[in-house]
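I opened my notebook to go through one model, entry by entry. These are my notes on what I looked up.

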Amino acid sequence: PAGGMGLEPLFQAWSYFRRRKFRQCSDLCSQLLERPPAEQVAGAGPGGVAAWSLKTRALTEMVYVDEIDMDQEGIAEIVLDENAIAQVARPGTSLKLPGTSQGGGPSPAVRPVTQSGRPITGFVRPGTQSGRPSTMEQAIKTSRTALTARPITSASGRCVRLGTASMLTNPDGPFINLSRLNLAKYAQKPKLAKALFEYIFHHENDVKNALDLAALATEHAQFKDWWWKVQIGKCYYRLGLYREAEKQFKSALKQQDMVDTILYLAKVYLRLDQPVTALNLFKQGLDRFPGEVTLLCGIARIYEEMNNISLAAEHYKDVLKQDNTHVEAIACIGSNHFYSDQPEIALRFYRRLLQMGVYNCQLFNNLGLCCFYAQQYDMTLSSFERALFLAENEEETADVWYNLGHVAVGIGDLNLAYQCFKLTLVNNNDYAEAYNNLAVLEMRKGHVEQARALLQTASSLAPHMYEPHFNFAILSEKVGDLQRSYTAAQKSEEAFPGHVDTQQLIKQLKEHFAML
């Protein structure tokens with residue numbers, strides 16, 4: 001317009017916030033707050049309360065992460081867990097004893113397992129990133145899957161360490177000095193208190209102060225505001241006080257039935273290793289919220305973690321009936337078909353993902369494998385080429401080269417296979433499967449010592465895999481080292497009790513020892 005009329009600054013800041021331009025919003029609010037009180041914006045309330053509140057929300061949104069899905073257990077939480085309900089749980093009631101409830105899932109001979117003994121899922125979630133090592137030594141030794149140099153701690157990658165977010169977003173120093181805040185005063189202003197709580201919890205990551213504010217605010221609301229109860233539950237969960245968190249979430253559910261609260265409560269039960277209770281909670285939730293995708297997905301994940309693959313697949317299909325573009329469900333059903341020896345059907349699911357716009361290294365890697373096993377050889381190599389082109393880091397590149405090695409073994413080109421496995425190790429030095437397969441190729445060439453060294457490396461990197469142990473046992477038996485062969489065979493049997501070849505080898509060795 002004539003005269004160059006601009007937007008009213010506070011309204012402009014709000015407009016930035018609505019368009020998710022949080023940096024500009026925060027900067028504009030800072031300018032408003034730096035003005036002397038006499039020049040404060042009309043409508044901003046005493047002392048620029050509106051600008052202050054908007055800036056806290058903008059800073060929170062910059063680092064906001066949804067608590068429901070993001071969950072990682074660090075070594076400390078896994079190994080030093082004091083919340084164990086029963087040391088020897090009944091089969092099918094614990095996540096710490098996988099393998100107990102084999103619900104028709106494929107065996108480790110067909111479907112590879114993670115360090116915790118569960119089948120590899122079709123979709124990477126924060127919970128599946130870290131295995132459940134059985135001993136502290138194994139936890140510290142095993143190769144990392146979280147792509148960090150140190151073992152996962154619950155603070156890595158997700159919770160920005162205390163105070164670092166404010167240093168990133170505000171070079172002049174923190175926007176709010178928490179140590180000088182009068183929390184009781186803010187707790188009496190519900191609208192400000194909610195924005196302030198989220199700022200302290202997500203941006204500053206100061207759970208203790210957030211909990212104090214939430215406790216004062218819920219008291220001011222005469223314990224009638226369900227939102228505060230959920231926030232107190234989240235604080236207790238972060239502090240590891242799971243039983244207290246459970247009480248808060250249950251109380252919030254009585255006041256206001258919310259899907260989010262059900263998901264938070266289920267997280268508490270899973271951390272307490274009570275999957276059956278979590279399943280019942282989800283099923284009760286489905287009675288009140290029929291067809292809710294997140295609840296169906298939660299049930300499927302739990303069945304998958306408990307090794308009950310067939311039930312998990314059924315629930316993922318229910319998810320797709322409600323939301324036919326659910327990436328996780330499509331990927332998990334696809335991988336389940338692939339490992340159930342139905343690569344053609346798996347190919348249809350992965351093609352569906354491609355049509356939906358998922359375009360990454362993992363998808364083309366899976367398409368390449370499905371094409372190979374479905375005997376569509378013309379597409380195999382082009383899919384792997386695309387996967388290599390899209391790989392974002394060395395771990396992904398290593399996976400693609402490893403699978404190319406498999407394809408090369410399948411078509412009988414052992415020299416190409418050897419090169420591929422070597423390239424796998426160049427990209428990822430902790431790749432136990434590649435060491436194992438290289439050892440087998442070395443054995444075929446008659447290089448016994450190299451094969452033995454490679455197998456020892458493989459078994460120390462992945463004690464949960466049975467193949468390196470079994471191969472080492474066979475190798476040792478051939479060269480007459482029966483004692484080592486017997487030890488390795490026992491480890492192989494421990495990793496995969498149903499492996500017939502291992503049992504036959506142990507039987508043979510026992511007969512040898514009896515003759516001695």
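**Entry 1: a pair in helix H10**

Lys 208 and Asp 212 sit four residues apart in helix H10 (residues 207-220), so about one helical turn separates them. I then looked up whether their side chains pair, bearing in mind that this is a predicted model. Lys 208 forms a salt bridge with Asp 212, and the closest N and O atoms are 3.8 Å apart. The cut-off is 4 Å, so the pair counts.

How open is each partner? Lys 208 is exposed, at a relative accessible area of 58%. Asp 212 is partly exposed, at 32%. I noted the general point too: side chains of opposite charge can pair when their charged atoms come close.

**Entry 2: a pair across the sequence**

Next I looked up Asp 257 and Arg 288. Their side chains meet in a salt bridge, 2.4 Å from N to O. Where do the two residues lie? Asp 257 is in the loop between helix H12 (242-255) and helix H13 (259-271), while Arg 288 is in helix H14 (residues 275-288). The pair therefore ties together parts that are 31 residues apart in sequence.

I checked the accessibility of both. Asp 257 has 28% relative accessibility and counts as partly exposed. Arg 288, at 40%, also counts as partly exposed.

**Entry 3: helix H16 and a network**

I moved on to Lys 321 and Asp 318. Both lie in helix H16 (residues 309-322), three residues apart, or about one turn of the helix. Their side chains meet in a salt bridge, with N to O at 3.5 Å. Is Lys 321 buried or exposed? Lys 321 counts as exposed, at 67% relative accessibility. Asp 318 is partly exposed, with a relative accessible area of 26%.

I also found a network. Arg 243, Glu 246 and Lys 250 are joined into one by salt bridges that share partners. How many salt bridges does the count come to? I logged eight.

**Entry 4: the second largest cavity**

I turned to enclosed space. The count comes to three cavities of 30 Å³ or more. I took the second largest, which has a volume of about 40 Å³.

Which residues line it? I listed Glu 67, Lys 234, Tyr 237, Phe 249, Tyr 264 and Lys 267. Helix H11 (226-238) and H13 each supply at least two residues of this lining. By class, the lining has three nonpolar residues, three charged residues and no polar ones.

**Entry 5: Thr 261**

I stayed with helix H13, where Thr 261 has its place. Thr 261 is buried, with a relative accessible area of 1%. The cut-off for buried is under 20%, so this value falls within the class.

What does Thr 261 touch? Setting aside residues up to four places away in sequence, I found Val 230, Phe 249, Ala 252 and Leu 253. Phe 249 had already come up in the lining of the second largest cavity.

**Entry 6: His 337**

His 337 is in helix H17 (residues 327-339). Is His 337 buried or exposed? The relative accessible area is 14%, so His 337 is buried.

I looked up its contacts as well. Neighbours within four places in sequence aside, His 337 is in contact with Gln 342, Pro 343, Ile 345, Ala 346 and Phe 349.

**Entry 7: Ala 408**

Ala 408 was next, in helix H21 (residues 394-410). Ala 408 is buried, at a relative accessible area of 1%. Not counting residues up to four places away in sequence, Ala 408 touches Asp 413, Leu 416 and Ala 417.

I also checked one C-alpha distance. Ala 408 and Cys 420 are 12 residues apart along the chain, and their C-alpha atoms are separated by 8.3 Å.

**Entry 8: the whole chain**

I closed with totals. The protein chain has 27 helices and zero strands. Of its 516 residues, 47% count as buried. The chain exposes about 26,300 Å², and carbon and sulfur atoms supply 53% of that area.

I looked at contact range last. Among contacts between residues at least 6 apart in sequence, 56% join residues at least 24 apart.

Technical notes
Residues are numbered from 1 along each chain as its sequence is written. This is a predicted model: local features need pLDDT of at least 70, side-chain atom pairs count only at pLDDT 80 or more; totals for chains, interfaces and linings use all residues. Side-chain values use heavy atoms; hydrogens and water are left out. Buried means under 20% relative accessible area, exposed over 50%, partly exposed in between (1.4 Å probe, protein chains only). Contact means heavy atoms within 4.5 Å. Accessible areas come from the Shrake-Rupley method with a 1.4 Å probe; for residues, only the protein chains shown count as cover. On a 1 Å grid over the protein atoms alone, a cavity is a set of points where a 1.4 Å probe fits but cannot get out, and a pocket is an open set with protein on both sides within 12 Å along at least five of seven lines; lining residues have an atom within 4 Å of a point. Grid points are joined across faces, edges and corners, and a volume is the space filled by probe spheres set on the points. Ala, Val, Leu, Ile, Met, Phe, Trp, Tyr, Cys and Pro count as nonpolar, Asp, Glu, Lys and Arg as charged, and the others, Gly among them, as polar.
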